[in-house]
There are 2 protein chains.
Amino acid sequence: MQVQDTQMEKNGAGRVSEAIGAITRHIREHELMPGDRLPSELALSKDLKVSRTVVREAFRSLAAMRIIELNVGKRATVANIDHGAMSLIIEHGVHTEQINVQQIYDVRRTIETRIVTLAAIRRSDEEAKTILKLAQAMADALGSPEQLMEHDLSFHLALAQASRNPVFELIVGAFQGITRQTWPIGWKSRTSEQARQTMIDTHLRIANAVAAGDPQQAVEAMSKHFDESVHALLQAGLS
Amino acid sequence: MQVQDTQMEKNGAGRVSEAIGAITRHIREHELMPGDRLPSELALSKDLKVSRTVVREAFRSLAAMRIIELNVGKRATVANIDHGAMSLIIEHGVHTEQINVQQIYDVRRTIETRIVTLAAIRRSDEEAKTILKLAQAMADALGSPEQLMEHDLSFHLALAQASRNPVFELIVGAFQGITRQTWPIGWKSRTSEQARQTMIDTHLRIANAVAAGDPQQAVEAMSKHFDESVHALLQAGLS
DNA sequence: AATAAAAAACCTGTCATACAGGTTTGAGGA
DNA sequence: TCCTCAAACCTGTATGACAGGTTTTTTATT
């Protein structure tokens with residue numbers, strides 16, 4: 001396919017951008033699915049009549065968005081959707097003060113309220129078990145913030161998975177990066193033993209409600225969870 | 001707020017990944033803000049003791065996520081958050097059948113229901129005017145689907161902006177790419193003149209409710225909008 | 001001295017070439 | 001038919017070159 005030289009669009013210009021477009025089109029036209037291999041860099045550079053450098057930079061761009069996957073020696077393959085890129089984008093937004101943590105919590109509350117509703121309705125027994133186990137793991141890791149946080153993150157991601165909507169999963173995943181950096185702040189602001197136990201209990205309540213298939217209860221508990229979290233962050237003076 | 005690095009590439013190996021991490025760290029340590037310039041490729045390649053090739057590929061990766069911006073002749077600059085990358089990621093997910101359109105609509109409904117609530121409360125008079133104008137523009141473009149669609153997209157984005165939460169704006173923007181590809185399907189499935197007029201009217205109702213500062217009404221109208229849209233897509237047989 | 005014009009210094013985009021490892025393929029043998 | 005292994009192919013990285021842009025410095029002018 002020939003690409004036309006239209007304008008000096010901020011993004012549309014440059015051989016690399018053209019190559020990105022051509023590769024994306026190639027994936028769609030050939031209906032490539034995750035795991036399928038793309039042409040080699042040399043083949044593409046001949047096809048598009050550009051140097052290998054250009055193809056490589058295009059590949060890197062697509063790999064950054066996790067649209068394709070690169071492996072040394074192997075050909076590039078179509079990738080599964082993954083929240084890695086989104087996570088970095090959000091982190092960048094926060095670090096450059098274009099997004100603040102409260103705004104993220106508002107979005108998370110909105111999303112996760114919906115998620116527990118769906119999870120309570122759709123979760124498989126397997127998923128219910130996983131969710132309960134993660135909440136329990138949190139309770140058991142009360143003394144180890146590091147581990148506690150990871151279980152917390154896994155817990156929310158497991159709920160998203162149980163919602164059976166990969167977009168919810170993607171969004172929840174997108175917040176993991178920045179959450180890893182802010183979670184400790186919220187944790188430290190819970191100074192009393194009681195406040196910490198309450199947080200754990202709330203997670204257990206969510207897990208139980210989802211396992212019981214009770215959306216109402218699940219939403220209520222999740223709502224409480226976010227009230228607590230936002231309160232803790234405000235306490236810590238997080239803008 | 002102080003946050004620490006969690007530069008944990010899944011592709012931990014490879015000089016390019018390391019360079020990406022180093023550049024990201026550089027941005028954070030120097031607290032660079034959007035518009036600020038980064039070191040030149042040559043300077044970085046000396047600093048990191050890698051070839052310019054590696055630095056360039058790292059730059060391309062960051063540019064793909066819109067974390068930095070590249071310009072010929074000029075130095076790379078820190079970028080404003082932008083939904084371009086997310087849009088491509090979502091499109092990829094749909095094209096590879098990892099996400100279906102209904103799932104996107106469920107997420108959009110969840111998000112946009114919250115958005116209109118916030119917009120009704122927070123919108124400035126300026127924003128209210130813009131939103132009303134876009135809804136009116138839709139009504140005026142009844143005969144030109146192309147334009148109608150663009151006004152529709154702008155309408156939803158304007159609402160997100162009025163919510164005063166850039167993360168909502170980001171997410172709504174992230175769906176624009178795929179929406180551009182599915183919107184015509186929904187439109188064509190509205191065969192009767194009445195169905196089409198109803199869609200326009202619903203948008204006007206949303207705009208009026210937001211302008212009137214009535215969250216309740218706004219939510220109700222938005223909910224109706226999504227009922228209609230999902231119905232239209234099902235009618236068209238979209239999985 | 002202030003300013004405008006011109007030149008030098010710097011930068012990015014792209015190409016070509018080279019080479020060190022991985023990976024895939026295919027020919028030939030068991 | 002199945003296995004082995006070397007040839008062919010591929011990616012990651014480095015180096016050097018050169019054509020435009022851009023920024024900074026210098027020089028000329030008012």
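Throughout this tour, Ala, Val, Leu, Ile, Met, Phe, Trp, Tyr, Cys and Pro count as nonpolar, Asp, Glu, Lys and Arg as charged, and the others, Gly among them, as polar. The model is predicted, and local features need pLDDT of at least 70, side-chain atom pairs count only at pLDDT 80 or more, while totals for chains, interfaces and linings use all residues. Residues are numbered from 1 along each chain as its sequence is written, and chains are lettered from A and ligands numbered from 1 in the order in which they are written.

**Stop 1: chain A alone**

Select chain A, whose C-alpha trace spans about 65 × 40 × 30 Å along its principal axes. Colour chain A by secondary structure to see eleven helices and two strands, where helices (H or I, at least four residues) and strands (E, at least two) are DSSP runs numbered from the N terminus. Followed from the N terminus, the elements of chain A run α-α-α-β-β-α-α-α-α-α-α-α-α.

**Stop 2: DNA strand C**

Now select DNA strand C and the residues near it, a residue being near a strand if its C-beta atom, placed from the backbone, lies within 6 Å of it. There are 21 residues around DNA strand C, and those that come nearest are Arg15(A), Ser51(A) and Gly73(A) from one chain and Ser40(B) and Glu41(B) from the other. H1 and H3 of chain A and helix H2 (41–48) of chain B each supply at least two residues of this surface, with the largest share, three residues, coming from H3(A). By class, the surface near DNA strand C has eight nonpolar, six polar and seven charged residues.

**Stop 3: DNA strand D**

Move to DNA strand D, which has 22 residues around it, with Ser40(A), Glu41(A), Arg15(B), Ser51(B) and Gly73(B) coming nearest. On this surface, helix H2 (41–48) of chain A and, from chain B, helix H1 (15–29) and helix H3 (52–64) each supply at least two residues. Coloured by class, the surface near DNA strand D shows nine nonpolar, six polar and seven charged residues.

**Stop 4: the two protein chains together**

Show chains A and B and superpose them by least squares on the C-alpha atoms of residues with pLDDT of at least 70 in both. Chain A can be laid on chain B with an RMSD of 0.1 Å by a turn of 180° and a shift of 0.0 Å along the axis, which is the relation of a two-fold axis. Which residue of chain A comes closest to the rotation axis? Centre the view on Ser61(A), whose C-alpha lies at 2.4 Å from that axis.

Next, select the contact between the chains, two residues being in contact if their C-beta atoms, placed from the backbone, lie within 7 Å. Here 42 residues of chain A are in contact with 41 residues of chain B. On the side of chain A that touches chain B, the elements giving two or more residues are helix H1 (15–29), helix H3 (52–64), helix H4 (84–95), helix H5 (101–122), helix H8 (166–174) and helix H9 (176–189) of chain A. H4(A) contributes the largest share of that side, eight residues, and the side as a whole divides into 20 nonpolar, 14 polar and eight charged residues.

**Stop 5: H4(A) against H4(B)**

Keep H4(A) selected and add helix H4 (residues 84–95) of chain B, since what follows concerns this pair. Their axes come within 10 Å and cross at roughly 165°, where axes are lines fitted to C-alpha atoms, for helices over the stretch in contact, and angles run from 0 to 180 degrees between N-to-C directions. H4(A) and H4(B) are therefore roughly antiparallel to each other; angles under 35 degrees count as roughly parallel, over 145 as roughly antiparallel, 65 to 115 as roughly perpendicular and the rest as oblique. H4(A) passes H4(B) in a left-handed crossing, a crossing being left-handed if the near helix is turned anticlockwise from the far one by less than a right angle, and right-handed if clockwise. Ala85(A), Met86(A) and Ile89(A) of H4(A) make the contact with Ala85(B), Met86(B) and Ile89(B) of H4(B), giving six nonpolar, no polar and no charged residues.

**Stop 6: H4(A) against H8(A)**

Hide chain B and select H4(A) with H8(A), which pack at an angle of about 45° with their axes 8 Å apart, and that makes H4(A) oblique to H8(A). The crossing of H4(A) past H8(A) is right-handed. Met86(A), Ser87(A) and Ile90(A) in H4(A) meet Leu170(A), Gly173(A) and Ala174(A) in H8(A), and the residues of this contact divide into four nonpolar, two polar and no charged.
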